[in-house]
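Here is a friendly walk through one protein model, meant to be read with the viewer open. We begin at a single side chain and work outwards.

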Amino acid sequence: MTTTTAPRTTTRKLARFAGHYVEMVAAMLIGMVALGPLWPAAWLERPDADALVMATNMTVAMVLAMALRRHSWPRIAEMAAVMYLPFAALLVPYWLGAISGTALMVAGHVVMFPLMLAAMVWRRAEYWH
């Protein structure tokens, strides 16, 4: 006897796509909370070091979540790069005194979320199922 599964509807695929995005954001938040206390307090006093520490905390947790969901390592590396890119780009204006430490942290996070979504849309086959 053969069984066939009905193809998923677009609505179902969109729900899974959005759910995956939310799971990655949740993993990032868990990483910030769980890994934050492991770093020396002196590092966190500097906005540039704090931004990189926070990006690392979020990335470690997100990489673990993606690995558990059996995403390919190239896609995991791609998403990890997306996590650091906004902060890396904003460090230069911060070091030049063009933006404050608060602006570095806020803008880095604000830019990170649409970049994650863009990476997911770009690689729909990995996330849209």
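Start at Met58: apart from its neighbours within four places in sequence, this residue is in contact with Met28, Met32, Met83, Phe87, His109 and Met112. Please keep in mind that the model is a predicted one. Met58 belongs to helix α3. Is Met58 buried or exposed? Its relative accessibility is 1%, so Met58 counts as buried, the limit being under 20%. For a sense of distance, Gly19 is 39 residues from Met58 along the chain, and 18 Å separates their C-alpha atoms.

**A histidine among the neighbours**

One of the partners of Met58 is His109, a residue of helix α5. Which residues does His109 touch, not counting those up to four places away in sequence? They are Met32, Met54, Met58 and Phe87. His109 has a relative accessible area of 16%, which is under 20%, so it too is classed as buried.

**The nonpolar core**

Now for the wider setting. The largest nonpolar core has 25 residues, and Met79 and Met116 are those with the most contacts inside it. Helices α1 (10-35), α3 (47-68), α4 (73-95) and α5 (101-122) each supply at least two residues of this core. Which helix gives the largest share? That is α4, with 7 residues. As general background, nonpolar side chains in soluble globular proteins tend to be buried together.

Met116 shows how such contacts look for a single residue. Leaving out neighbours within four places in sequence, Met116 is in contact with Tyr21, Met24, Val25, Met28, Met79, Val82 and Met83. Met28 and Met83 are also among the contacts of Met58.

**How α3 meets α4**

Two packed helices are described by the angle between their axes and the distance between the axes. For α3 and α4, the axes come within 10 Å and cross at roughly 170 degrees. Because angles over 145 degrees count as roughly antiparallel, α3 is roughly antiparallel to α4. Residues on the α3 side of this meeting include Ala51, Leu52, Ala55, Met58, Met62 and Met66, while those on the α4 side include Ile76, Met79, Met83, Phe87 and Leu91.

The loop between α3 and α4 holds Arg70. Its phi is near 65 degrees, a positive value in a residue other than glycine. Arg70 has a relative accessible area of 75%, which is over 50%, so this residue is exposed.

**Aromatic rings and charges**

How many aromatic pairs does the model contain? The count comes to 1. Trp39 and Trp43 form this pair, with 5.5 Å from centre to centre and 40 degrees between the planes, and the arrangement is tilted. Trp39 is partly exposed, at 27% relative accessible area, and Trp43 is partly exposed as well, at 43%.

Another ring has a charge for company: the charged end of Arg123 sits over the ring of Trp122, 4.2 Å from its centre. Both Trp122 and Arg123 are touched by Glu78, when residues up to four places away in sequence are not counted. Glu78 lies in helix α4 and counts as buried at 18% relative accessibility.

Here are the accessibility values for several of the residues discussed, together with Arg12, which comes next.

| Residue | Relative accessible area | Class |
|---|---|---|
| Met58 | 1% | buried |
| His109 | 16% | buried |
| Glu78 | 18% | buried |
| Trp39 | 27% | partly exposed |
| Trp43 | 43% | partly exposed |
| Arg12 | 44% | partly exposed |
| Arg70 | 75% | exposed |

**The chain as a whole**

Arg12, in helix α1, brings us to the far reaches of the sequence. Arg12 and Trp128 are 116 residues apart in sequence, yet their C-alpha atoms are 9.6 Å apart in space. For the protein chain overall, 69% of the contacts with a separation of 6 or more are between residues 24 or more positions apart.

Stepping back, the protein chain has 6 helices and 0 strands, giving the pattern α-α-α-α-α-α along the sequence. Its C-alpha atoms fill a box of roughly 65 × 30 × 20 Å, taken along the principal axes. Of its 129 residues, 33% count as buried, and Met58, the starting point of this tour, is one of the buried residues.

Note on methods:
Residues are numbered from 1 along each chain as its sequence is written. This is a predicted model: local features need pLDDT of at least 70, side-chain atom pairs count only at pLDDT 80 or more; totals for chains, interfaces and linings use all residues. Side-chain values use heavy atoms; hydrogens and water are left out. A nonpolar core is a set of buried Ala, Val, Leu, Ile, Met, Phe, Trp, Tyr and Cys residues joined through side-chain atoms within 4.5 Å. Buried means under 20% relative accessible area, exposed over 50%, partly exposed in between (1.4 Å probe, protein chains only). Helices (H or I, at least four residues) and strands (E, at least two) are DSSP runs, numbered from the N terminus. Contact means heavy atoms within 4.5 Å. Rings of Phe, Tyr and Trp (its six-membered ring) pair if their centres lie within 6.5 Å; planes under 30 degrees apart count as stacked, over 60 as edge-to-face and the rest as tilted. A charge sits over a ring if NZ of Lys or CZ of Arg is within 6 Å of the ring centre and within 35 degrees of the ring normal. Axes are lines fitted to C-alpha atoms, for helices over the stretch in contact, and angles run from 0 to 180 degrees between N-to-C directions. Angles under 35 degrees count as roughly parallel, over 145 as roughly antiparallel, 65 to 115 as roughly perpendicular and the rest as oblique.
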